[in-house]
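Me: Please take a close look at one part of this model, the packing of its helices. I should like a connected account that then places that packing in its wider setting.

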Amino acid sequence: MQQLLTTTLSGLTLGFVYAAFALALVMIWRSTRIVNFAQAPMAMITAYVALVLIDAGYSYWIGFAAALLAGFLLGSLVEWLVIRRVDASNPINPVILTLGLFIVFHSLAALIFGSRFRSFPAPFGLRGFEVGDTTVALTGFGIFTILAVLVAVGGLVLLFRFTDVGLRMRASAFNPEVSRLLGVRVGRMLNLGWALAALVGSLSGLLIAGGGLVHPSYMDPVVVYGFVAAVLGGLDSPAGAVLGGLLLGLSLSFVSGYLGSELVAMAALVVLMAVLLVRPGGIFGGIAERRV
Amino acid sequence: MTTLTVQGLTVDYGPVRALDGVGFEVPGGITAVLGANGAGKTTLLRTLSGLVPARAGTARLDATDLLRTPAEEMTRVGLAHVPEGRGVIAELTVEENLHLGALGARAARRGTASRFDLTRVYELFPVLGERSGQLAHTLSGGERQMLVVGRALLAEPSILLLDEPSLGLAPRVVAQIFALIRELVDRDGLTVLLAEQNARSALSIADRALVLGLGRVVADESAAALAGDDRLRHAYLGA
C-alpha cells in the first residue's frame, strides 16, 4: 500500500515536469511545425544561468527568475537568428537545424560552465512528509514542482484563451497568411511563441535540476520522455501534452517501482511505439482537420 | 471616396510573367476583375495586398504607396483582402475570427465613427450571430463566405478586395452575398475590387469591369458596356 502511494506520487511529480517539457515542444510544433530537439540543451543553459547566480550568493529565487527570463530571451533569439532564416520548404531542414543547435548548446555549456557534475539546490525540503510513523513520498519540492507547472499551464491557458495577444498567436499558428491579411504581425507572434515555449522548457529544466546534479547532458533523457509525452497527447494539443506527460510519468514510475529502474528508458520507447502503431494521432488527438 | 491607382504593374513568378504592365484606376464603386484561369486576377489582388512582390510599377491607395506597405499593415491603411478559398481560420470560433478582424482596424478607425462593428455584422449576417460560439470549420460554404466578408468589414476598410467569392457556392447564395456587397457600397461608400470567373454575376453588380488576359489589361470599361460586348465576352470570358 505504501509502495503504491509512493510510486503514484513520485510518478505524478515527474509527470508534471514531463508535461511542462512536452507543452513546450507542442507550442513550437503548433506554431512553426518544428520539433525543437534543442529544447533540452536550451533549458540546460538556463539552469546554469541560475546556478551561476546562486553560487555567486544570490537567493534561489533570483536564480530561478533569471533562468526563466534567460529562457524567454534565448527562445526569442534562437527563433530570430536561426529558425526564421531556414528554408522550411523541406521539413527535414529545420529538424536537422535543431539537432545542430542541440550539439552547439552542449559544446557551449561544456566550454563556459565545464562538464563536471555540479549540485543544484532546491528551495524546499527533499524529504517526504511524515504521517504518523510512515513517510509519504511527496516532498516539499515535489509540491512546488506540481504547483509551478500548474501555474505555468494556467497562465498559458489564460493568455491563449482570453487575451488579444493569445488570439493573434493562435491565429498565426493556424493560418499565417490569412492572419497577416488581418493585420497580425505574424513574425512577432511566432517569435513570442518560441520565447514562451523556451520559458516553459526552462521551468522543466529547473524542476529536474532542483536537489540534483546538473551537467551539460542532464536534460537529454527529458527530450525522449517529453517527446513521448507530446506524441502521446497528439503533438498538436496542449491539453494532450499535459495529460500525456502525467500518464507517462505515472507509467514510468510504476515500471521503475515494480519492474526495475533499468527498464524505464525502454518502457518509454515501448509506449511511444505502441501509441504510434495503435493511435498515430495520439491518445487525445482528433482526426487531422487542419489547413482546410 | 477612396481611389486606387495602378500603373505599369509587373509581376514575375520565376521565369513566368504573371502580370505585364497592368494599369487602371478605381475611383470608387465596384470594379470587377474578370478573365480566365491564369489571366492574373489572383496575382493582381495578392500583389496589391503585399503578399506577392512586384517587379515594377506603382500602386497607390490615395496617398499610400501599397507596394511599400507590408501585408500585415494593409488593414491599417484601409485595405482588406479576402483571399481565394475563403480563408476562415477553421480552428477558431466564429466570434474569434470576427474579433481578429476588428483588432486589425487602425486605431483612428475604431470607436465612435465606426461604420462596422460586431452588432452591425451580426445584423448583416444573422446566421453568424446564431453560430458565434461554433468553430469556423463547422460552417457551410456560404456561411464561411459571410464570415470572411464580415471579418474584413470589421477592419473598417476603405477598399475591399474579394477573390472569387462565388467559388463553389449555390447561385442563390451568390446572389444574396452579391446583393449585400452592392448595398454596402451604396450605403457605406465602400470601394470594392471583385475578382471573379463568374462574369455574369459579377457584371450584374459591378460599375466598371477590367478584363485580364495573360497578365495584360484587354478591356477596361463600364460593366454595362462590357455586358453588351459579345466579342470580348466570347474571347475572354467564355460566356
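Reply: A helix axis is here a line fitted to C-alpha atoms over the stretch in contact, and an angle between two axes runs from 0 to 180 degrees between N-to-C directions. The model is predicted, with an ipTM of 0.91 and a pTM of 0.88.

In chain A, helix α9 (residues 220–232) and helix α10 (residues 238–259) have axes that come within 7 Å and cross at roughly 125°. An angle between 115 and 145 degrees counts as neither roughly perpendicular nor roughly antiparallel, and α9(A) and α10(A) are therefore oblique to each other. Their crossing is right-handed. From α9(A), the residues in contact are A:Tyr225, A:Val228, A:Ala229, A:Ala230 and A:Leu232; they meet A:Ala241, A:Gly244, A:Gly245, A:Leu247 and A:Leu248 of α10(A). By class, this contact has eight nonpolar and two polar residues, and no charged ones.

A second packing joins the two chains. Helix α6 (residues 164–174) of chain A packs against helix α2 (residues 94–103) of chain B at about 105°, their axes being 11 Å apart. Since angles of 65 to 115 degrees count as roughly perpendicular, α6(A) is roughly perpendicular to α2(B). On the side of α6(A) stand A:Asp164, A:Leu167, A:Arg168 and A:Ala171, and these meet B:Glu96, B:His99, B:Leu100 and B:Leu103 of α2(B). The contact of α6(A) with α2(B) comprises four nonpolar, one polar and three charged residues. Charged residues thus take part in this contact, whereas the contact of α9(A) with α10(A) has none.

The pair belongs to a wider interface, in which 18 residues of chain A are in contact with 22 residues of chain B. On the side of chain A, the elements that give two or more residues are α6 and α7 (176–181). Of these, α6(A) gives the most, with six residues. That side of chain A has nine nonpolar, two polar and seven charged residues.

Within chain B, another helix lies against strands. Helix α1(B) lies across β1, β2 and β4 of chain B and runs at about 70° to β2(B). Those strands belong to an open, antiparallel sheet of four, in the order β2-β1-β4-β5. Its edge strands are β2 (16–26) and β5 (64–65) of chain B, each of which pairs on one side only. Inside this sheet, β1 (residues 4–13) and β4 (residues 56–61) of chain B pair in the antiparallel sense over five bridges, and B:Val6 stands opposite B:Ala59 in β4(B).

Chain B also has an open sheet of six strands with mixed pairing, ordered β6-β7-β8-β3-β9-β10. Here the edges are β6 (79–82) and β10 (216–222) of chain B, and neighbouring strands are turned by 15° against each other on average, direction ignored. Strands β3 (residues 30–34) and β8 (residues 191–195) of chain B run parallel and are joined by four bridges; B:Ala32 has B:Leu194 in β8(B) as its bridge partner.

Finally, confidence. Chain B has a mean pLDDT of 90, with 95% of its residues at 70 or more. Among the elements of chain B, α1 (residues 41–48) has the highest mean, 96, and α9 (residues 230–237) the lowest, 71. Where pLDDT is low, the predicted coordinates should not be read in detail.

Key
Residues are numbered from 1 along each chain as its sequence is written. Chains are lettered from A and ligands numbered from 1 in the order in which they are written. This is a predicted model: local features need pLDDT of at least 70, side-chain atom pairs count only at pLDDT 80 or more; totals for chains, interfaces and linings use all residues. Angles under 35 degrees count as roughly parallel, over 145 as roughly antiparallel, 65 to 115 as roughly perpendicular and the rest as oblique. Two residues are in contact if their C-beta atoms, placed from the backbone, lie within 7 Å. Ala, Val, Leu, Ile, Met, Phe, Trp, Tyr, Cys and Pro count as nonpolar, Asp, Glu, Lys and Arg as charged, and the others, Gly among them, as polar. pLDDT is the predictor's confidence in each residue, from 0 to 100. Two strands pair if DSSP finds at least two bridges between them. A crossing is left-handed if the near helix is turned anticlockwise from the far one by less than a right angle, and right-handed if clockwise.
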